[in-house]
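Work through the exercises below on charged side-chain pairs. Each task is followed by a solution in steps.

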Amino acid sequence: MAAAQGAGSGLSGPSGLPSSAPGHSSNSMAVVVWEWQDEFGMWRPYRGNVCSYIEQVFQASQQKGQRSGSGLVSSIPLGQADPVLASYVIDIPSMTQFRQDTGTMRAVRRQLFPGDSAAGQGIVWEWQNDHGEWYPYEMNVCVFLEQALATNHQLVDLGSLGYNYEVDFMAQVQTNKTTRFCRSIQRRLDAPYPVTSSSAPLHTGVACSCQQCWLNSAAGPITTRYRHSMINFPNSSTTHQVSGRTASASSSGVGFMPYNKPTLSGARSTPRLNAQSTSALPQASGPSTGQFASNGVSVPSLPVEMLNPSRVNQALAATPTEPEAVVKKYLEELKGSPADEDCVICMEKLSSPSGYSDTCKSSTIKPEAVGHLNCQHSFHMLCVLAMYSNGNKDGSLQCPSCKIVYGEKTGTQPKGKMEISAFPQSLPGHRDCGTIQIVYHISEGIQGPEHPNPGKPYTARGFPRYCYLPNNEKGRKVLGLLTVAWKRRLIFTVGTSNTTGESNTVVWNEIHHKTEMDANLSGHGYPDPSYLDNVLAELAAQGVTEDCLSH
C-alpha cells in the first residue's frame, strides 16, 4: 500500500478535506455499490463483479417495468455472478438477501458514489483480523480513506463515520481509540464498480443526513457506535468472538456464510443454489440459580413452572429423510399449465424444465413437474428437491418466497446446556419487573456429520454466554420459544465467526440475544423497545412460533 507523502496532518471529519470531499457530489456520472448488512450493523460491499451483475439485472428490470408497467424483477440469484454465493438470492421489493438453505435474511442497500472515487477506481480498503484474513471496510469508509490519502493526510479519525478508530497511513494500522489496540490495514485494487447515470446526490465518504443515507440506514454521525467486528480486547492472548448480538429492524436478516458448502454445478443457467402454556418465572426475593439437568437444559431450583419442566431435551442430529418423500409431502403437483412466471430457485420459467434437471436426478419427480406449497407459491419440484438435498435434511421445508417453514426445522447446534434463573433486579426500560437470566454452556468437541467438516475439532469461544430477558409476559413468551429453539438445535451452529474470521467454531445462528443488562452503547444491552418483537420475528423465521408452546 502506498503511504501518504510528506508530513501529513491529522484528519477529523469533513474540515480536514477539500470542499469537494466528504458529503455529496452533483457529478452526473456515478458508480453503484451494493452492500449487505451483517449482524453487528456493519455494511459489507459485494465485490465489483457481483455488484455489476446485481446492477445489470436491476436496471434491466427497471427498463422492462417502465415499458410494460409490470414492475421490478422480484429476485436476483447471486450464484450467476459467483458460484460461492449460489445459495443467496436478493429480494428486490424488500431489499433483503435471502439464504435459501437456512432461511437467513439480511438487509441490502444500493449506494451511489462519484465515478472518480475509490469505488469508481475499484479501490478497496481492508482491515486484518486475528487470523490474518482481510475484511473490507464499508464503501463510505473506503471512499473517505482514499480521499484522505490523496490529500496527504497521515492520521485519519473515523469517528464521524461511526467507528471508534483512527487510521495511520504511514504505519498502515488502525488503532482503537479506547483500548489502543492496533490492526493492520491495506489498500487493494479490485474490479471497478458498475457505472450509472444519476441526478441523485452522490456519496463521497462522510455520512450525512440525506434521504438516501437515512432511508438505507447508512452510517450516520453516531460517534458512540462501536463496531465489534473490528474490536479486539487488550491483555488477551485468545481470539474473542463478540458474544452479544441484537436484533434491529434494519439488520434482522441478510445472510452470511458460516461455512462454504459445495455448490451445485451443472445447472443449465449457472450454479444458483447451495442446495442445502408459556413458561412463568416468579419474581424472587433474591437470585435463583438453575441446576444442570443431564438432558442439556437446567431445571431452576425455584418452584418455576417451566415448559416441560424437567425434560427439555436438545434434539439429536436430524435423521435423514428420503428427499423425494419430503418434497411430495409438502408440495402438491399442478395438473394444468403453470403460471407464466419464473421459478425463484432456478430462475427458469415454470413452463420450462427445472434448471437443475442436469444435476439433480430423481426417479419419481420429472424435470417439468411444478408444485405449490400451502402458501400457494409455486416452484419446480426438482428445484425444491435440490434445495432440500443440499440442506440439513431434517424433514422440513422453508418456502423460498415467503419463508414459511413446513414441518419441524432442526439445526446443527453442538451438545450443551441451557441454564435459566431469575432475580429481582430490573432491566432498563422494564422497571416494572425482574430479570430472566439464560446461560448457555457449550464446550469444544468434534464435528458430526451435519457440520461443515465432519471429524475435525471445533472450538467454543466465549462460553458460558449470559443473556437477559425482562421477566414479564412477553419476556416469558420469548423464553418459552428460546427453549424450543434450543431443543431444536437452532441457537448456535458450527461455522466461521463473522467477528474474528475463525473457522470451525461455535457461532450464533441468527436468533439475537441481549448479552448485557444495560449500557447499550454496543447494541447488545437494554433499553431496546423493539428487541422482543424483533426476536419473536427471528424465531418465527426459524419455524418457532407461539403454536409450539401448546404442543
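**Exercise 1.** Classify Lys349 as buried, partly exposed or exposed in this predicted model, then do the same for Asp340.

*Solution.* Step 1: the relative accessibility of Lys349 is 35%. Buried requires a value under 20% and exposed a value over 50%, so Lys349 is partly exposed. Step 2: Asp340 has 66% relative accessibility and therefore counts as exposed. Step 3: these two side chains form a salt bridge, with 3.4 Å from N to O. The cut-off for such a pair is 4 Å.

**Exercise 2.** Find which helices hold Asp533 and Lys474, and state what their pairing ties together.

*Solution.* Step 1: the side chains of Asp533 and Lys474 meet in a salt bridge at 2.7 Å, N to O. Step 2: Lys474 belongs to helix 7 (residues 473-487) and Asp533 to helix 8 (residues 531-541), so the pair ties together parts 59 residues apart in sequence. Step 3: Asp533 has a relative accessible area of 42% and is partly exposed. Lys474, at 35%, is partly exposed.

**Exercise 3.** Decide whether Lys514 and Asp528 are buried or exposed, and locate them in the chain.

*Solution.* Step 1: a salt bridge of 2.7 Å, N to O, joins the side chains of Lys514 and Asp528. Step 2: both residues lie in the loop between strand 30 (505-508) and helix 8, 14 residues apart. Step 3: Lys514 and Asp528 are both buried.

**Exercise 4.** State which residues are joined into one network by salt bridges that share partners, and how many salt bridges the whole structure has.

*Solution.* Step 1: the network consists of Arg47, Glu126, Arg188 and Asp190. Step 2: a search of the whole structure gives 18 salt bridges.

Methods: Residues numbered from 1 in each chain as written. Predicted model: local features only at pLDDT ≥ 70, side-chain atom pairs only at ≥ 80, totals over all residues. Heavy atoms only, no water. Buried < 20%, exposed > 50% of the residue type's maximum accessible area, 1.4 Å probe, protein only. Helix = DSSP H or I, 4+ residues; strand = E, 2+ residues; numbered from the N terminus.
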